[in-house]
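Work through the exercises below with the model open. Try each task before reading its solution.

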Amino acid sequence: MRAHTGMSDNKRIAVILAAHGEAETSRFAENYRVSRRTLEHAAAVMGVPPVLQIGISLFSALKKKLNPRRKGSPHNRISREQARELQNYLGERSGNGRIVFDVHAAFSASDPSLEEVIETTKHHDAQILVSMSPVDNDLTCGQLCRYLARTRPADDLSRVKVISRFWCDAALHQLCAAHVVAASAETRLGRSERHVLLLLFHGTLVTDGSGELPAFRTGLDETMAFAARLTELLGSDVRHPYGRIMTAFLNHDVGGEWTRPSFEETAALLADSGVSNVALFAAGYFADGNETVYREQELRSMLPACTITTIPCLNASPAFAGYLNGRVAGAVSQIMLTPFP
């Protein structure tokens, strides 16, 4: 790794995919560590007392250790695959070697940590941090920006670009819709009201435990706008079999009132509606993990007479790597003040 010497002929750019991070095994220590880091970051904006952080982490780690169905999350593995796919994509489009990209997967709650990777690459000619969450809030891109503001001089930030605001990007909306259509082609189902597409989004706090608006940016408006636009886009597409498109929010039942309808509430509605096929697509996530991979079996237990299928998240698909390449190329052009191929 060479020190930064200004914009020379050959540029070295670090691209950091900043993901949440989850435990990859059911081991108690790993799950406890991930939970503690998650709650420590949450405490920066939500004020979770240390004793409560410890208690929740102990309970969460023990529950996963004792649950034989929980074998660990694929989230980190998928994030590393996304980094490799983007590395290959960028390597083929690096301007005849005048730019060298180093793509890293880094995590808020597991290793390698975001802070570690940001620090070890800060002497590159530029750093591009990609917030690997479709929706912006104080715990996703907000965490990145707070860390940069706290640790970097203002004049040094000219070489840093944070990529976010995916929730309002028409190109991402189109990519998600195309992903659903391609996956549904395999079902060979005809269009029917009995066939339902259930779009899953990460839930957010609506009001806190006192019934007041949360004192931090939750991403509620962004989530609702993203859900509405994707529902509208898929609703006007005749290439899939889903006569009904519904949304559900994957909530955490702590801290106050969360977004509705919850996954459980939507499942209850489906149970009384005579559906025969339900496809789950976690549109509010870029990589499958603990919050998405078990939903099919949960819904199947609630709707035993239905056929339940899962459309994977965008994950490490070539189409998603191509999309990220476009976003990175735009960031490179802004930093270098010159078009990037």
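**Exercise 1. A salt bridge inside one helix**

Task: Which helix holds both Glu298 and Arg295, and how many residues apart are they?

Solution:
- Locate the pair. Both Glu298 and Arg295 lie in helix α9, residues 295-302.
- Count along the chain. They are three residues apart, about one turn of the helix.
- Check the contact. This is a predicted model. In it, the side chains of Glu298 and Arg295 meet in a salt bridge, 3.3 Å from N to O. The cut-off for such a bridge is 4 Å.
- Recall the principle. Side chains of opposite charge can pair when their charged atoms come close.
- Classify Arg295. Its relative accessibility is 14%. Buried means under 20%, so Arg295 counts as buried.
- Classify Glu298. Its relative accessible area is 24%, so Glu298 is partly exposed.

**Exercise 2. Two further bridges**

Task: What is the distance between the closest N and O atoms in the salt bridge of Arg77 with Glu81, and in that of Glu265 with Arg260?

Solution:
- Take Arg77 and Glu81. Their closest N and O atoms are 3.1 Å apart.
- Place them. Both sit in helix α3 (residues 75-91), four residues apart, about one turn of the helix.
- Read their exposure. Arg77 is partly exposed at 39% relative accessible area. Glu81 is partly exposed at 26%.
- Take Glu265 and Arg260. Here the closest N and O atoms are 2.6 Å apart.
- Read their exposure. Glu265 is partly exposed at 30%. Arg260 reaches 57% relative accessibility, so Arg260 counts as exposed.
- Widen the view. The whole structure has 17 salt bridges. Arg152, Asp156 and Arg159 are linked in a network of them.

**Exercise 3. Cis peptide bonds**

Task: Is the peptide bond from Arg260 to Pro261 cis or trans?

Solution:
- Read omega. It is near 5 degrees, and the bond is cis.
- Place Pro261. This residue is in the loop between β8 (256-258) and α8 (263-271).
- Link back. Arg260 also forms the salt bridge with Glu265.
- Add another case. The bond from Asp111 to Pro112 is cis, with omega near -5 degrees. Pro112 lies in the loop between β2 (99-107) and α4 (114-120).

**Exercise 4. Positive phi**

Task: Is Asn315, with its positive phi, buried or exposed?

Solution:
- Check the angle. Phi of Asn315 is near 50 degrees, a positive value in a residue other than glycine.
- Place Asn315. Its loop runs between β10 (307-311) and α10 (318-336).
- Apply the cut-off. Asn315 has a relative accessible area of 13%, so this residue is buried.
- Set Arg165 beside it. Arg165 has a positive phi of about 55 degrees and is not a glycine. Arg165 is in the loop between β4 (160-163) and α6. With 46% relative accessible area, Arg165 is partly exposed.

**Exercise 5. Helix packing**

Task: Why are α6 and α7 oblique to each other?

Solution:
- Find the helices. α6 covers residues 170-184 and α7 covers residues 220-235.
- Read the geometry. They pack at an angle of about 50 degrees, with axes 10 Å apart.
- Compare with the limits. Angles under 35 degrees count as roughly parallel, and 65 to 115 as roughly perpendicular.
- Conclude. α6 and α7 are therefore oblique to each other.
- Add the hand. Their crossing is right-handed.

Note on methods. Residues numbered from 1 in each chain as written. Predicted model: local features only at pLDDT ≥ 70, side-chain atom pairs only at ≥ 80, totals over all residues. Heavy atoms only, no water. Axes fitted to C-alpha atoms, helices over the stretch in contact; angles between N-to-C directions. Helix = DSSP H or I, 4+ residues; strand = E, 2+ residues; numbered from the N terminus. Parallel < 35°, antiparallel > 145°, perpendicular 65-115°, else oblique. Left-handed = near helix turned anticlockwise from the far one by under 90°. Buried < 20%, exposed > 50% of the residue type's maximum accessible area, 1.4 Å probe, protein only.
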